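Student: I should like to be guided through this structure by questions and answers. May we begin once it is displayed?

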Amino acid sequence: MNNFLKTHTLLKTFFSVILAAYTTSLNAQTEQAEEPMSLRTVMEKLGHDMEAVTGAISKEDWALIAELAPKISHHAEPPMLEKVQILTWLGSDAGEFRSFDMQVQEAATEMGEAAKQADGQRVIEAFSKTQQSCLACHQNFRQPFVKRFYGER
Ligand code: HEC
């Protein structure tokens with residue numbers, strides 16, 4: 001009985017610590033609302049890498065494109081907490097959002113393969129497909145995303 005009580009008290013302490021930590025992190029999150037989301041940094045990097053590809057196409061620098069393509073297809077992801085926030089917001093649209101990302105991944109992979117074979121025509125076609133997939137996600141999600149997480153526009 002004594003043991004049971006001890007366990008019970010321990011559990012109570014344990015849960016109040018968890019609850020306090022959770023509340024603190026929630027508060028921190030609310031305060032950070034004005035800070036840019038990590039996804040924005042990921043996107044800026046994607047934008048730079050795509051620009052670099054354009055430059056490399058003009059120079060027919062296929063080796064550079066072969067280096068850049070995996071950075072686009074396997075771009076960084078936001079940290080877990082932000083991912084959960086985004087997925088929660090997306091709800092049933094999560095599948096569509098993810099499928100645009102898969103399209104980018106496939107097209108950029110194809111671009112890298114074509115670059116390895118110095119096949120300029122195929123590189124350009126895959127580049128175009130990649131850019132179309134960026135656009136498709138932006139047209140569907142960018143504005144509502146900015147509105148939800150930054151409260152603008
Ligand atoms: C799955 C959806 C999705 C895909 C695919 C996607 N983006 Fe984005 N992108 C977003 C969202 C959402 C934002 C708005 C983020 C924000 O403002 O914080 C954004 C914003 C951006 C921005 C603006 C960042 C800024 O500083 O305001 C750039 C640049 C960008 N994306 C580039 C790209 C490029 C290049 C690709 C393709 C290689 C791409 N994105 C693919 C969802 C996507």
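Student: Leaving aside neighbours within four places in sequence, with which residues is Met-111 in contact?
Tutor: This is a predicted model, in which local features need pLDDT of at least 70, side-chain atom pairs count only at pLDDT 80 or more, and totals for chains, interfaces and linings use all residues. Residues are numbered from 1 along each chain as its sequence is written. Two residues are in contact if their C-beta atoms, placed from the backbone, lie within 7 Å. With neighbours within four places in sequence set aside, the partners of Met-111 are Ile-65, Ala-69, Val-123, Ala-126, Phe-127 and Thr-130.

Student: Which element gives the most to the largest nonpolar core?
Tutor: A nonpolar core is a set of buried Ala, Val, Leu, Ile, Met, Phe, Trp, Tyr and Cys residues joined through C-beta atoms within 7 Å. The largest one has 16 residues, and Ile-65, Ala-69, Met-111 and Val-123 touch the most other members. Two or more residues come from each of H2, helix H3 (62-73), H5 and H6, where helices are DSSP runs (H or I, at least four residues) numbered from the N terminus. With six residues, the element that gives the most to this core is H5.

Student: Is Ala-114 buried or exposed?
Tutor: Ala-114 is found in helix H5. A residue is buried if 20 or more other C-beta atoms, placed from the backbone, lie within 10 Å of its own, exposed if 12 or fewer, and partly exposed in between. Because Ala-114 has 22 C-beta neighbours inside 10 Å, this residue counts as buried.

Student: Is Glu-77 buried or exposed?
Tutor: Glu-77 lies in the loop between H3 and helix H4 (80-90). Not counting neighbours within four places in sequence, Glu-77 is in contact with Val-42 and Lys-83. Since Glu-77 has 12 C-beta neighbours inside 10 Å, this residue counts as exposed.

Student: Which helix gives the most to the shell around the ligand?
Tutor: A residue is near a molecule if its C-beta atom, placed from the backbone, lies within 6 Å of it. The ligand is surrounded by 22 residues, the closest being Arg-40, Met-43, Gly-47, Cys-134 and Cys-137. Helix H2 (38-58), helix H5 (94-116) and helix H6 (120-150) each supply at least two residues of this shell. The most, nine residues, come from H6.
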